[in-house]
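Here is a report on side-chain interactions in one protein model. Please have the sequence and the coordinates open while reading.

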Amino acid sequence: MSTIRIRPFGKHTLLIEWPAVISPEIHAELLAYRKLVKLFSDQIAETVISYNAIALHLKPTQSPPALKKELEETLSLNEVMVAKPSVRWELPVCYEPQLALDLETFLHDKQLSLEHLIQGHAGVDYHIYFCGFLPGFIYLGGLNEELHQPRLSNPRTRVPAGSVGIAGSQTGIYPQDSPGGWNLIGRCPVPIFDPSNSKRPSPFNAGHLLRFFPVTYKEFKEIEKQVANGEYQLTKIEIQ
């Protein structure tokens with residue numbers, strides 16, 4: 001198990017920290033500890049996770065120093081069970097210029113063929129770390145190092161919903177129209193966030209895996225029609 005520490009993080013917040021690296025192993029530990037922290041749900045108003053930390057926003061009547069001591073004692077006495085990913089989602093992506101605003105520039109800058117890009121980006125199991133930036137925006141780890149690319153120097157004021165982008169060592173999907181500065185290399189025809197579904201607006205959980213598979217422009221349009229008619233079902237695979 002990794003070394004962790006608990007420290008104050010503002011007046012009513014504690015932070016449980018792991019080493020500052022992006023790692024599926026560390027993230028699995030973090031998710032396991034998050035379950036243990038639920039023992040103190042009567043004292044905690046909200047729990048927020050990142051790549052390597054859990055922020056515990058306490059209820060106003062609670063004492064951060066007292067909870068810090070309780071947490072340290074509990075975490076030292078309990079060995080958590082770290083689980084392996086149990087679910088993999090599969091999403092279609094069209095890697096064609098009319099849907100991927102930065103595709104041609106990206107291929108030119110990286111000196112890659114379209115086939116090489118698709119081979120390196122699709123068919124890979126990405127680790128879902130957390131949602132952030134926008135409601136439903138999932139941060140994925142595991143991008144092929146050959147595809148790493150800095151953010152755009154001039155972000156767009158509008159990125160179409162479903163756009164698949166790359167920024168640094170990360171890849172992700174824009175769940176809605178929004179400003180953004182990621183390099184757009186494809187587009188997914190399947191909505192990944194439904195604000196009208198109050199119980200479960202996003203099907204993805206931290207710790208799940210996600211894999212893209214390429215589709216043609218014609219297939220993209222066909223899937224869009226299926227989605228509009230309520231006929232398309234996301235592919236969810238239970239991992240044994």
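The sections below cover cysteines, aromatic pairs, salt bridges and one threonine in a predicted model.

## Cysteines

The model holds 0 disulfides. A disulfide is a covalent bond between the sulfur atoms of two cysteines. The cut-off used here is 2.5 Å between the sulfurs.

Cys-94 misses that cut-off because its closest cysteine sulfur, in Cys-188, is 11 Å away, too far for a bond. Cys-94 is buried, at 0% relative accessible area. Cys-131 also has Cys-188 as the residue with the closest cysteine sulfur. That distance is 14 Å, so it is too far for a bond as well. Cys-131 is partly exposed, with a relative accessibility of 41%.

## Aromatic pairs

How many aromatic pairs does a search of the whole structure find? The count is 12. One of them joins Tyr-51 and Tyr-129. Their ring centres are 5.1 Å apart and the planes meet at 65°, an edge-to-face arrangement. Tyr-51 sits in the loop between strand S3 (44-49) and strand S4 (53-58). Tyr-129 belongs to strand S6 (residues 126-131). The two residues are 78 apart in sequence, so the pair ties together separate parts of the chain. Both Tyr-51 and Tyr-129 are buried.

Tyr-126 and Phe-212 make another pair. Here the centres are 5.7 Å apart and the planes are at 55°, so the geometry is tilted. Tyr-126 lies in strand S6, and Phe-212 lies in strand S13 (residues 209-215). This pair therefore ties together parts that are 86 residues apart in sequence. Tyr-126 and Phe-212 are both buried.

Tyr-51 and Tyr-129 also belong to one aromatic cluster. Its other members are Phe-130, Phe-137, Tyr-139, Tyr-174 and Trp-182.

## Salt bridges

Side chains of opposite charge can pair when their charged atoms come close. The structure holds 10 salt bridges. Among them is the pair of Glu-17 and Arg-7, with the closest N and O atoms 2.8 Å apart. This pair links distant parts of the chain, 10 residues apart. Glu-17 is in strand S2 (residues 13-17), and Arg-7 is in strand S1 (residues 5-8). Burial differs between the partners. Glu-17 is buried at 16% relative accessible area, whereas Arg-7 is partly exposed at 25%.

Glu-72 and Lys-68 form a salt bridge with closest N and O atoms 2.7 Å apart. Both residues lie in helix H2 (residues 64-77). They are 4 residues apart, about one turn of the helix. Glu-72 is partly exposed, with 35% relative accessibility. Lys-68 is partly exposed too, with a relative accessible area of 23%.

## A charged network

Asp-125 and Arg-88 also meet through their side chains, in a salt bridge at 3.9 Å, N to O. Where do the two partners lie? Asp-125 is in the loop between helix H4 (114-121) and S6, while Arg-88 is in strand S5 (residues 87-94). The pair ties together parts that are 37 residues apart in sequence. Asp-125 is partly exposed, at 34% relative accessibility. Arg-88 is buried, at 15% relative accessible area. Salt bridges with shared partners join Arg-88, Glu-90, Asp-125 and Arg-211 into one network.

## Around Thr-171

Thr-171 lies in strand S10 (residues 170-173). Is Thr-171 buried or exposed? Its relative accessibility is 0%, so Thr-171 counts as buried.

Leaving aside residues up to four places away in sequence, Thr-171 touches His-121, Tyr-126, Ile-138, Leu-140, Leu-143, Val-164, Gly-165, Ile-166, Trp-182 and Phe-212. This list includes both partners of the tilted aromatic pair, Tyr-126 and Phe-212. Trp-182, a member of the aromatic cluster, touches Thr-171 as well. Ile-138 is 33 residues from Thr-171 along the chain, and their C-alpha atoms are separated by 9.0 Å.

Which polar partners does the side chain of Thr-171 have? One is the side chain of His-121, in a polar contact at 2.9 Å. Another is the backbone oxygen of Gly-165, which lies 2.9 Å from a polar atom of the Thr-171 side chain.

Key: Residues numbered from 1 in each chain as written. Predicted model: local features only at pLDDT ≥ 70, side-chain atom pairs only at ≥ 80, totals over all residues. Heavy atoms only, no water. Buried < 20%, exposed > 50% of the residue type's maximum accessible area, 1.4 Å probe, protein only. Phe/Tyr/Trp six-rings, centres within 6.5 Å; stacked < 30°, edge-to-face > 60°. Salt bridge = Lys/Arg side-chain N within 4 Å of Asp/Glu carboxyl O. Contact = heavy atoms within 4.5 Å. Polar contact = N/O pair within 3.5 Å; in protein donor to acceptor, adjacent residues only side chain to side chain.
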